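Work through the exercises below with the sequence and structure open. Try each task before reading its solution.

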Amino acid sequence: MPSITGGPVEDHNMDDRLSDPAAAKAIEAKSPLELFWRRFREDKVALAAMVFIAALALVALFSPLITKMVGARPPNEQSTKFLDSFGSASGPSQENLFGTDGVGRDVFSRVLAGARVSLQVAIISTALIVIIGVTTGLVAGYYRGWIDSLLSRFMDIMLGFPVLLLALGLGASCALGGGCVPVDYGNLGRFLMAAGFVVGVLWVLYARFKDSRSGTPEKHTLRDAAVSFIPFAVFILLGGVMAYAIGGKGTLISLGLPLVIFVIVLSSWPYMARIIRGQVLSLREKEFVEAAQSLGASDRRVIFGHILPNLIAPIIVYTTLIIPTTILFEAALAFLGIGLQPPDASWGSMISDATEIFDTAWWYMTFPGLALVLTVLAFNLVGDGLQDALNPRTNE
Amino acid sequence: MKRPIRWVLMLGALGALAMFVAACGSSSKSSSSSSTTSAAVAKGVKGGKLTVLAAADVDYIDPGQTYYTFGYMVNYAINRPLYSFKPDDALHPVNDTAVGPPLVSADGLTITVKIKPGIKYAPPVNRAMTTKDIKYAIERAFSANVPSGYAATYFGSIAGAPTKPTNGVKPISGITTPDDQTLVIKLSRPESAVVTGAMVMPITVPVPEEYAKPFDAKNPSTYDQYAAMNGPYMISNNSTTGELTGRKPGKSIDMVRNPNWVASTDYRPAYLDSIFVEEGNTDATVSSRRILNGQQLVNGDGAPPAPVLKQATQKFPDQLVLVPSGGTRYVAMNTSIKPFDNVNVRKAVVAAFDRNAMRLTRGGAIVGDIAWSYLPPNFPGFEESGGLKPPPEDDFLANPSGDMAVATKYMKMAGYPTGKYTGSEKFLTIATNADPGKQSAEVAQAQFAKLGFKLNFREVPQDTLYTKFCGVPKAAVVICPNVGWFKDFVDPESMIKPTFYGPAILAQGNVNWPQLNDPAVNKAIDAATPLPTGPGRNKAWADINKQIAALAPAIPWVWDKTPLIRSKDVVGVANEYATVWDLSFSSLTK
């Protein structure tokens, strides 16, 4: 399986193809990334979906600007001017492209604002799912034995959680005050940064010292040190976000996006971990791993330097499939009232609000619903396209 | 009065409209349908079965405990208190089991009531009621086993009345029964206006002691499942044990004629042969449409949502009736928490508030007049307060759509030179999580934002809103956007004293939501409480009403009306006191 990073990754499918000189020549002329791109761009549907996602990302990023440019009102601005004498919403018009909701807010600008929320949740949740899932899957699959049993049973427990009930319960109990689990983000963040840095440096030094004592012939490079430092860098990054982006006193889980992200990550990471574990169980038996081990490569070098690069393709594919799931999950939670709090807009909450008046205000459910469907569809199509492009066997 | 709490509690649990609480307050003839009137009553035909579509069960069948309108709807069909209201007149109670109006002694400390003979209980009790049963009914309401929502509030002035819930039912020395037809109540304070006014409430429904005692000995009392009934209808029961077999909580209530009911003792025509309450209709839109397009159906606890209300007004105008609910909805500001302890800040908020936008969340002008005070239209003290128009000196109440210039003026007076609030804190706001209350709360949030107030906005079920937050001063809720107070009986004290009297602030179950504790208001209330019923009393309470409005502890925004809907073949008669269909007066066309 080729790596799209273009790094020194063992390609086990290569042997077959090398038997055909013409194919070998064609492949030799292209880097793995080029190969991937050539395959991907042949999938016009996936390409169109990718363009849609890019456009959506831009819309989400610049939604306030776009709202202004088209002359729409800000998403939270209410106006009785657009309600009739019964307080009923008004339909699409020049002033309100997608009509208004029950309190006279512009549905168009709220759909744009909702895009921002959906992508925010999708990106943050997916990133956390990938980090936690991949790390756990790597460790469980590589070490096997009791570590695997322990982590696998933990995953089973996580998968056994009734997610919606958990979300509703947390939503109810964390709805008030500042939320659940009080925490000083400033201090905790700084602690995580300092601890991550100190432990990380010590770990790198220890590994180097251990390898030199055991007479490992493999040469230690800066890259090795960097790879070893990755897990600690995650802590430092997390600490930095806590200390400087969030800061001050707060709660670990508060109603709104933090709770949504928490629930999504809690319920989704085991799926990623299971897939990675399965892949690692297979990869660890491959010759290139045995070769690296026989050369005296440390576990972390084998895991991060040899196995992980070979997992990039499934990780990318699965990630693109997780994103639409998280978007739908967020919408479902918002529908149940566990999401952003008013007056902020999210597609799920808009659809929820629209259910009672769908027959009299079709636009209120239609536009956020359409946005949700198209976004999820686009991510799914891109996911399929990536899977095809990254797996040469599929193409062949 | 906690009736709104119970009422809204139920609605919150349903996720339905928390729209129409408690009793009415007027004999207004602004209703848009053929219902409600005596003419409609005259049209009744005997027989038939009416189905009431409800989202949930009644709170209680036990008359000592029921305290919300849907409970009243069923209770006033199966039970008869001392006094009650004819459907089209919520101002003047009529004798029900009583033979005449209560006689109050010259010193205002003794009330005597005589009851009609020959009013019998349904099986299995079967015997005629006596005043001893009413005495027991009041006494049991003071016990911990029968947690009445208002006994202590309205009957606490009875001599010997317990100040705390009693362990078991204890006799109250101030209630005596010289004979089976006479009830004498002695008061420790001259508050006869309140006690006699509250005699229309289900607490005066007789409870046969010998039958109820075993049930009341349990905590909580199980009488709710075995209630004795003296009205024209009864819930189907086991004729030996009295168990209400016709009541399946959350599913249905099956009412049939009471074989022991004597029509000559009652003013109710009781046209229907049977009434079936179908519960579980949690989607108000669906059930409303079912009623409007169906047959032999009326709404119970759920009111039509605003869009259906609009459709009903336009397409089924004769199947809709709007009953003045005799109450005020308002947004409470906690006057004990900065900066809302500053009257000028509060006035600024009221001035900026678009009360019309709030009203639109419930259906617009059709659901009631925009409020400025706490005594609703056609209620004693309303006209004396100035009617629909606020006093000219209260400029912050003048513009129902909000006036930012006036708001800015008051913010500056409060010490905010820019006219906007400059603090960065977020004020805890507890809103209901179901429409239309949810939508009202979002509108309120936007109104506060106009002056720079940021709200820590949290949505909870309506019952939680009252029982855990807005009704608990310790919870330190700053803004309660979904509160309202609706009358229990026709007396201005019942509207104002529980809700704005400083000493009425309770640690739990508090209904003085703004926590107003103004010495001048308290003093005026103390002076007005013992006044006898009449113009003087009304004037005194009207003055207090204006005094409170001038302190701006809340933003009153609608004196609302309850929409009731019925199928075309139902001659619906709305009870303006309970603001529900009167099951004892409604009938079918065929």
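**Exercise 1.** How many bridges join strand E5 of chain B to strand E7 of chain B, and do the strands run parallel or antiparallel? Then place both strands in their sheet.

Solution. The model is a predicted one.
- Strand E5 covers residues 110-114 of chain B and strand E7 covers residues 182-186 of chain B; five bridges join them, and they run antiparallel.
- Within this pair, B:Lys186 of E7(B) is the residue opposite B:Thr110.
- The open sheet has four strands in chain B, ordered E4-E5-E7-E6, with antiparallel pairing.
- Its edges are strand E4 (103-104) and strand E6 (175-179) of chain B, each of which pairs on one side only.
- Helix H4 (residues 131-140) of chain B packs on the sheet and touches E6 and E7 of chain B. The direction of H4 makes about 170 degrees with that of E6(B).

**Exercise 2.** Find the residues that touch the most other members of the largest nonpolar core, and the helix that gives the core its largest share.

Solution.
- The core holds 266 residues, and A:Ile307, B:Val349 and B:Cys470 touch the most other members.
- Helix H6 (residues 107-143) of chain A supplies the largest share, 15 residues.
- Beyond four places in sequence, the contacts of B:Cys470 include B:Ala332, B:Ile430 and B:Trp513.
- A second, separate core has five residues, among them A:Tyr185 and A:Met242.

**Exercise 3.** Check the length of H6(A) against its expected span.

Solution.
- At 1.5 Å a residue, the 37 residues of H6(A) should span 54 Å.
- The end C-alpha atoms of H6(A) are 52 Å apart, which agrees.
- Of the 37 residues in H6(A), 26 are buried, so the helix is mostly covered.
- A:Arg144 follows H6(A) and has a positive phi, near 50 degrees.

Terms used: Residues numbered from 1 in each chain as written. Chains lettered and ligands numbered in written order. Predicted model: local features only at pLDDT ≥ 70, side-chain atom pairs only at ≥ 80, totals over all residues. Pairing = 2+ DSSP bridges. Helix = DSSP H or I, 4+ residues; strand = E, 2+ residues; numbered from the N terminus. Contact = placed C-beta atoms within 7 Å. Axes fitted to C-alpha atoms, helices over the stretch in contact; angles between N-to-C directions. Core = buried A, V, L, I, M, F, W, Y, C linked by C-beta atoms within 7 Å. Buried ≥ 20, exposed ≤ 12 C-beta atoms within 10 Å, placed from the backbone. Expected span 1.5 Å × (residues − 1).
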